[in-house]
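Let's take a walk through this structure together, one piece at a time. Have the model open beside you as you read.

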Amino acid sequence: MKTKILVSSLLVTALLAGCSNEEYLGSNDDANKLKRPMIDFAFGVDNATTRMTGGSGIAFDGSDKVGAVLVDYDYNNPTSYYTIHEGHVGNNRFSWNGTSGKFETDGTMVKGAWLFYLQYDSKMTQSRNGVEFDLPVIQKYATDYSEIAKKDFRISPIINLEGQEDGHFDNFNLPMVSVYSYANIKMKFPEAVTVQKIVVKPTAVDLQTYAPFAKTYTVQNLEIPNAKLDQKGALETDQDVINEARVALQNNNVDGTIINYNKNTLDSDFKDVISKTTGTADQQLIALDCLDNETSSTDFQARMLIPAGVYHNISLYAYTDKGVYKYDVKNSYIEKVGNDTQEDFYLRRQHNVSLHKIDNGAVANGNAFLNMVVTKSNAELESVSETTGTVVIGQKDLVAVINGINSNDAAKIRVLGDEVVINPEVMAALTNKVQELSDVSLTFSDKVTVEGGDDETNRMTLHNVTFEGGCDVTEGYVEIGEDVQIPAGQMMTIAAANVTFAKDNVAGSDTYTGVTLGDGAVVKIAEDVTIGTITGNNGTLEIATGVKLTTTTTTNNGTDITVSGTWDSSTLTNTTTIGNEGTITVSTTGIINVKGVTGNTSTITNNGNINLAAVMTNSGSMTNNAGAKIIAGNGGTGSLTNTGNIINSGSMYCLNGTDNTINNTGIIEAKEGSRTYITTNSSATEVKTDVNTQVTRGEVKCEKRDADMTVANAAQQGYISWIVPVTTTALTAADNDKFNKVYLNGGCDLSSYTGTTIKYVVVNANATVKLAADLVEFTANANVTLNVNKKSITHLTIADDKEVSVPTGNILGAYTYEVVGVIKEFAKIDNAGTLLVGGKFYSETITDYPDSGIFASGSGNNAEAYFWNTDNYGD
């Protein structure tokens with residue numbers, strides 16, 4: 001080893017190995033695209049038994065991997081070498097081979113400036129923004145360097161590599177320097193204690209305000225010393241050049257001259273080679289997990305990684321079995337000129353720094369340790385000037401904190417890392433503490449994971465907790481009990497878990513601001529509950545019989561919701577996403593009270609009551625089964641606008657009130673035995689002012705011709721249809737006929753029909769049809785022979801490749817249809833097939849042949865059959 005402080009020196013030897021795929025530079029073709037000569041080599045180590053100095057015995061193994069990125073590549077000028085850029089290309093991976101004692105790669109290296117880093121991370125393959133690494137938020141306790149080795153992140157100087165074909169490679173050591181300072185933490189306590197964890201908080205000069213770390217850092221290539229092997233002098237070896245760059249990198253400046261801690265020199269020359277990654281979050285605290293330490297003593301020592309850099313103050317909080325102690329690590333010996341502001345201090349890369357003598361100077365009062373005499377209560381820790389709560393780093397730690405609560409208070413919990421879980425063991429400890437101190441509760445300031453019991457009989461009751469950062473319920477059986485708070489802006493997210501809301505939070509003071517259901521969520525509302533926002537992405541939600549769920553906003557993208565009780569819903573959106581469909585089923589005992597803007601683009605099945613006291617729109621599918629009711633105006637002014645499909649076997653109607661309406665421009669299927677009483681069946685009055693007036697007609701499809709249905713507005717009747725049985729060859733009137741539109745699936749004589757006025761006819765099978773009254777619309781979806789004597793079809797539609805023939809002796813017109821104050825339609829022909837007139841055809845407002853379709857007759861001179869711009873059939 002070449003250095004005394006934790007350097008892993010890698011031996012580089014040129015090899016004439018073949019190349020195969022490895023990331024961007026993985027093949028000869030890819031290397032050729034870079035337009036650079038290829039270099040093939042592997043790394044060896046000069047002592048295969050250890051990766052750190054000081055006889056640590058920490059050996060390299062198969063999990064160790066070195067990454068290498070190219071930092072001088074310019075896409076616009078690929079053969080411009082050794083001009084360093086921020087960002088990178090490539091991400092070659094070198095894996096440790098214990099047999100050969102080398103780091104080897106199947107990838108391809110090329111001539112250029114390379115930065116090596118340990119450990120390899122595949123995310124540098126997707127990113128081109130430079131080498132990034134995540135700060136280890138939770139580190140494990142050890143008195144030696146074994147745990148540091150697992151979390152450490154190291155980089156090399158930038159190496160300008162030439163091609164091996166010119167004999168440029170000597171055997172040289174490639175140094176890897178840590179981006180961290182290795183903190184040696186030595187503490188002395190006034191009594192014997194067991195240290196459970198140490199929390200680290202960097203602060204501003206006031207010793208209180210957070211001066212946070214970053215969750216992710218990026219290596220700044222332009223600040224990395226460069227081993228310019230391409231420019232070495234005649235008497236220099238590659239190793240000489242690399243050693244100079246290594247000293248500069250490790251000693252934290254350009255020329256590498258800093259050996260001892262010199263504050264003035266550091267102020268002017270310190271080079272920080274890492275910066276907060278763009279877009280990453282702050283990391284206010286990090287911690288050392290000492291939970292496996294069971295030693296009780298007045299002395300304590302541990303080692304920890306802290307990012308190298310300049311600091312104003314580092315607050316250390318030692319959590320012990322006897323309470324929490326605090327020490328502010330600061331430079332107390334040098335004051336800035338002209339004021340009393342505390343002087344900054346530096347933690348240097350890969351330097352073993354004893355925090356009790358950060359400036360390598362004399363220790364206050366001659367102590368070779370941090371004298372831990374200042375204590376902090378849980379209440380004091382809740383202050384933002386401290387850690388904004390009692391820090392917890394794991395489930396075992398959380399149990400210890402609960403067991404240590406000794407007063408009726410709400411303990412505020414600050415969660416670090418992802419190992420903190422609220423599970424049955426935690427809740428058992430809290431239950432015992434609540435029995436001891438009735439007003440105890442936990443407030444989690446960060447998001448926390450909840451894992452329930454194993455089955456229904458071992459359901460875990462969640463109680464006396466507030467989730468200020470929200471929570472994720474990820475597995476097991478959970479019951480929401482007494483004093484559970486989900487405050488404003490937060491969400492309980494449930495996935496792959498079975499959760500029952502079993503506490504009446506309406507009568508109490510519990511707040512459930514938001515609940516999200518994900519894959520596998522099974523949620524039951526078993527007591528009267530108010531939830532501000534429900535987002536259903538998957539899973540199931542059941543409102544039990546006899547209870548009420550009250551919600552402000554519900555967005556159902558894919559949850560199956562069953563309402564057996566009552567649901568007072570303000571804003572509701574029931575919709576679909578890719579692969580999911582939001583469904584709502586109201587059981588026979590169920591009630592939905594629509595009290596806010598509601599929209600359905602998915603599926604609702606009603607077996608109970610839907611009471612509309614607000615605006616509801618349906619562009620999806622609704623089924624209103626026998627005995628079920630949809631009532632507009634029940635509980636307040638309400639309306640339903642349907643542009644989708646409603647199958648009604650129950651009742652639909654409005655209570656008294658001008659603005660209580662049911663409006664249809666979609667389809668309502670009025671099944672036998674149903675009551676379908678609606679307000680309008682078209683988008684606007686059907687009394688058109690000209691041929692271009694746009695009106696969308698809805699359709700009520702009557703299963704029985706005498707369906708119990710009505711459309712209240714006479715000028716917005718729309719389509720009220722009935723399918724004429726195929727066996728009916730002549731249609732005659734029957735009592736209580738409701739339809740104004742018929743579908744024909746075979747020949748039918750309509751000339752003797754004297755019931756309700758038939759305005760619309762659709763023919764779906766080849767047929768002969770006889771008319772005896774003017775029609776608003778006639779649609780031929782099949783070949784039709786039309787027998788008619790001076791009767792008008794105002795809007796004639798002939799489908800693609802179909803034929804409507806008017807035999808000799810028949811006279812058909814296309815004139816304006818009007819019933820004053822009820823309907824007015826102007827003549828129009830949509831012909832995608834053929835109109836064949838053997839008799840005569842007249843129209844007044846259509847002045848010439850339409851542009852589309854075929855218009856034929858018994859003579860090449862169509863003027864003998866077609867009479868445009870002619871009123872009253874020429875009479």
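A good place to begin is helix α8, on the face turned away from its buried side: there you will find the exposed residues Gln435 and Glu436. Keep in mind as you look that this is a predicted model.

Now turn to the buried residues of α8, which are Val426, Met427, Ala429, Leu430, Lys433 and Val434. They cover an arc of only 155° around the axis, so they sit on the same side of α8. What do these buried residues pack against? Their partners are α7, β34 (421-422), β35, β37 (460-462) and β38. The length of α8 can be checked too: its 13 residues, 424-436, should span 18 Å at 1.5 Å a residue, and the end C-alpha atoms are indeed 18 Å apart.

Two of those partners, β35 and β38, lead us to a sheet. This open sheet has five strands in the order β32-β33-β35-β38-β40, paired in parallel. Its edge strands, β32 (390-392) and β40 (484-485), each pair on one side only. Further in, β35 (residues 441-444) and β38 (residues 465-467) are joined in the parallel sense over three bridges, and Phe444 stands opposite Phe467 in β38. Helix α7 (residues 395-403) lies across β32, β33 (410-415) and β35, and runs at about 150° to β32.

For a last stop, move to the loop between β19 (274-276) and β20 (282-283), where Thr277 lies. Is Thr277 buried or exposed? With a relative accessible area of 10%, below the 20% cut-off, Thr277 is buried. Beyond its neighbours within four places in sequence, Thr277 is in contact with Glu132, Thr216, Tyr217 and Thr218.

Methods: Residues are numbered from 1 along each chain as its sequence is written. This is a predicted model: local features need pLDDT of at least 70, side-chain atom pairs count only at pLDDT 80 or more; totals for chains, interfaces and linings use all residues. Side-chain values use heavy atoms; hydrogens and water are left out. Helices (H or I, at least four residues) and strands (E, at least two) are DSSP runs, numbered from the N terminus. Buried means under 20% relative accessible area, exposed over 50%, partly exposed in between (1.4 Å probe, protein chains only). Contact means heavy atoms within 4.5 Å. Two strands pair if DSSP finds at least two bridges between them. Axes are lines fitted to C-alpha atoms, for helices over the stretch in contact, and angles run from 0 to 180 degrees between N-to-C directions. The expected span of a helix is 1.5 Å times one less than its number of residues. The arc is that of the directions from the helix axis to the C-beta atoms.
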